[in-house]
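Trainee: I am new to this structure and would like a close look at one buried position, followed outward into the regions around it. Please take it slowly and connect each step to the next.

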Amino acid sequence: MTQMETAAADDETFRQALRAWLESAYARFVRGWPGGADPRNLDFRRAWEDTLCANGWSGLGWPREYGGRALPLSRQAVFHEEHARCGAPLGVNLIGHGILAPTLLHFGSEAQKRRFLPGILSNREVWCQGYSEPGAGSDLASVRTRAEPAQGGYLLNGHKIWTSFADRAQRCFVLARTDPQASRHKGLSFLLVDMRSPGVRVEPIRQLTGEAEFCEVFFENVRVPREDLLGEENQGWKIAMAAASFERGTYFIPRLVRFAQELRQVRALALRADAYGRVPASSAAVRHRWARLAADSHVLALKSQRALAGAMRGDPPGPEGSSTKIHWSEAHQRLLELSLLLLGDDACLADGSADPCAAGLVHAYLWSRAETILAGTSEIQRNIIAEQMLGLPKA
Ligand SMILES: Cc1cc2nc3c(=O)[nH]c(=O)nc-3n(C[C@H](O)[C@H](O)[C@H](O)COP(=O)(O)OP(=O)(O)OC[C@H]3O[C@@H](n4cnc5c(N)ncnc54)[C@H](O)[C@@H]3O)c2cc1C
């Protein structure tokens, strides 16, 4: 057996053991959830994430000296795939596990790693990402939140917005301006702020789905100790850009597994709709859309595999991620629009309906409106493709 074949066989053994554990553990967790499980509920998501962490399913890629399992990327990918396959939802500390932990491992001092990694590993500390502001979203370098030198550290003042899970987070990594005289990208620093500090105010924002997953965050004279600066002062832009690339290779895996699952649900819905005499599954409108979505699902899986292979080889992140982001988010919206067409007027009542599949699809439809905005809007991704892949002049 070649080395690659041995690794693939080991990955397969890992997959089978993980699948067996996930299926029984998640089924037990769902049965034990009081009042009926709802994978959209944030308390449910947090509690399941706690269960994963308590059973050693966090810090998969971290070095062993920090409590991690030092698993290769191929096996981390298997985890993300199997976790989504069993129907379990994403957690609420995604930002802590997926973005902050690898950033700390790369840029943190030894003391910072020892202080912050255990809280993420156990899920005791949830992290949020304080980048966007009312005047700084796509143009992130316009951040105006100010961190001024104060005794032993900084005094933080500013207003962040769209901060996911801020009302549940114990800590927030904040991009703040430490040198207003420097050019836009050069005067920013990356601060690890304690959300329990005096002067932090969090106001949840209600979304289209009825939930409030993101918030406005106000910092009013918040003291941030010097030891909570990550990297060097005024190096925040470089760290934020690197942080954005750490999930490369695995970010789309759970989303694409879910895409394929929803595609199957939509097919079942189309066949049922036939029986109810709504838009028939045999109609050209449904067949054409479904065929295109099936092709999207296949092509997206290939793009995700290519990204994973690139990350495993250690290739630097490129603009291809922008093409996958646009493709996934826009195809996902089309998929869920089709589900609404098939549900017809019932979509309006689906939330309270006894059909969890219909309720899940309507909820996903409403949520999907955000997917072409978060993590870089479609227009911004198109700019990246135009400039970096097609060599067109800067807009
Ligand atoms: C569900 C969700 C969760 C989020 N979570 C977080 C979080 O945890 N932390 C955080 O910091 N942020 C978060 N965000 C914010 C997100 O990063 C921003 O919404 C996004 O970067 C867009 O910024 P904006 O909303 O300020 O829109 P703007 O930048 O004001 O854009 C408005 C419109 O103008 C277009 N536009 C802007 N500039 C250009 C350009 N140069 N060329 C062409 N078109 C352009 C945009 O595409 C968009 O259509 C979240 C957003 C969502 C929807």
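Mentor: Setting aside its neighbours within four places in sequence, A77 is in contact with T250, I253 and L308, and this is a predicted model, so the contacts should be read as features of a prediction. A77 itself sits in helix α3, and it counts as buried because its relative accessibility is 4%, which falls below the limit of 20% used for that word. For a sense of scale, compare its place in the chain with its place in space: A77 and L230 are 153 residues apart in sequence, and their C-alpha atoms are 28 Å apart.

From A77 we can step to L60, which is found in the loop between α2 (42-54) and α3 (73-85). Although it belongs to a loop, L60 counts as buried because its relative accessibility is 8%. Not counting residues up to four places away in sequence, L60 touches R69, A70, L71, Q76 and F79. Its C-alpha atom is separated by 30 Å from that of Q381, a residue 321 places away along the chain.

The UniProt record helps to frame this region: an unreviewed entry places the feature "domain: Acyl-CoA dehydrogenase/oxidase N-terminal" at residues 10-122. In the model that span is 66% helix and 0% strand, with 27 Å between its end C-alpha atoms. The record also gives a second annotation, "domain: Acyl-CoA oxidase/dehydrogenase middle", again from an unreviewed entry, which covers residues 128-222. Over those residues the picture is 0% helix and 52% strand, and the end C-alpha atoms are 17 Å apart.

Let us turn next to how the nonpolar interior is organised. The largest nonpolar core has 26 residues, and those with the most contacts inside it are F259, V266, L293, W328, L335, L342 and L343. Four helices each give two or more residues to this core, namely α7 (252-276), α8 (284-313), α9 (320-343) and α10 (356-368). L293, one of the residues with the most contacts in the core, touches F259, L263, A331, R334, L335 and L338 when residues up to four places away in sequence are not counted. Apart from this core lies another of 25 residues, among them Y66, L117, I120 and V143.

One of the helices that supply the largest core, α10, also holds S368. S368 counts as buried because its relative accessibility is 0%, and beyond its neighbours within four places in sequence it is in contact with H332, Q333 and L336.

The next stop is the ligand, which has 18 residues around it, and of these S132, S138, W162, T377 and E379 come nearest. Strand β3 (153-164) and helix α11 (378-389) each supply at least two residues of the shell around it. Several polar atoms can be followed individually: a polar side-chain atom of T377 lies 2.6 Å from an oxygen atom of the ligand, while a polar backbone atom of Y131 is 3.0 Å from an oxygen atom of the ligand. On the nitrogen side, an N or O atom in the side chain of N383 is 3.0 Å from a nitrogen atom of the ligand. Taken on its own, the ligand has 980 Å² of accessible area, and the protein covers 66% of it.

W162, named above among the residues that come nearest to the ligand, deserves a second look. It lies in strand β3, and its phi is near 60°, a positive value in a residue other than glycine. W162 counts as partly exposed because its relative accessibility is 47%, a value for which the protein chains alone are taken into account. N234, in the loop between β8 (229-230) and α6 (236-243), likewise has a positive phi, near 70°, without being a glycine.

A last position to examine is D139, in the loop between β1 (127-130) and β2 (146-150). It counts as partly exposed because its relative accessible area is 37%. Its side chain takes part in two polar contacts, one of 2.7 Å with the side chain of S142 and one of 2.9 Å with the side chain of R184. D139 and H288 are 149 residues apart along the chain, and their C-alpha atoms are separated by 38 Å.

Methods: Residues are numbered from 1 along each chain as its sequence is written. This is a predicted model: local features need pLDDT of at least 70, side-chain atom pairs count only at pLDDT 80 or more; totals for chains, interfaces and linings use all residues. Side-chain values use heavy atoms; hydrogens and water are left out. UniProt positions are given in the numbering used here, feature names are shortened, and annotations may be inferred rather than shown by experiment. A nonpolar core is a set of buried Ala, Val, Leu, Ile, Met, Phe, Trp, Tyr and Cys residues joined through side-chain atoms within 4.5 Å. Buried means under 20% relative accessible area, exposed over 50%, partly exposed in between (1.4 Å probe, protein chains only). Contact means heavy atoms within 4.5 Å. A residue is near a molecule or strand if one of its heavy atoms lies within 4 Å of it. A polar contact is a pair of N or O atoms within 3.5 Å; within protein, one must be able to donate a hydrogen and the other to accept it, and residues adjacent in sequence count only if both atoms are side-chain atoms. Accessible areas come from the Shrake-Rupley method with a 1.4 Å probe; for residues, only the protein chains shown count as cover.
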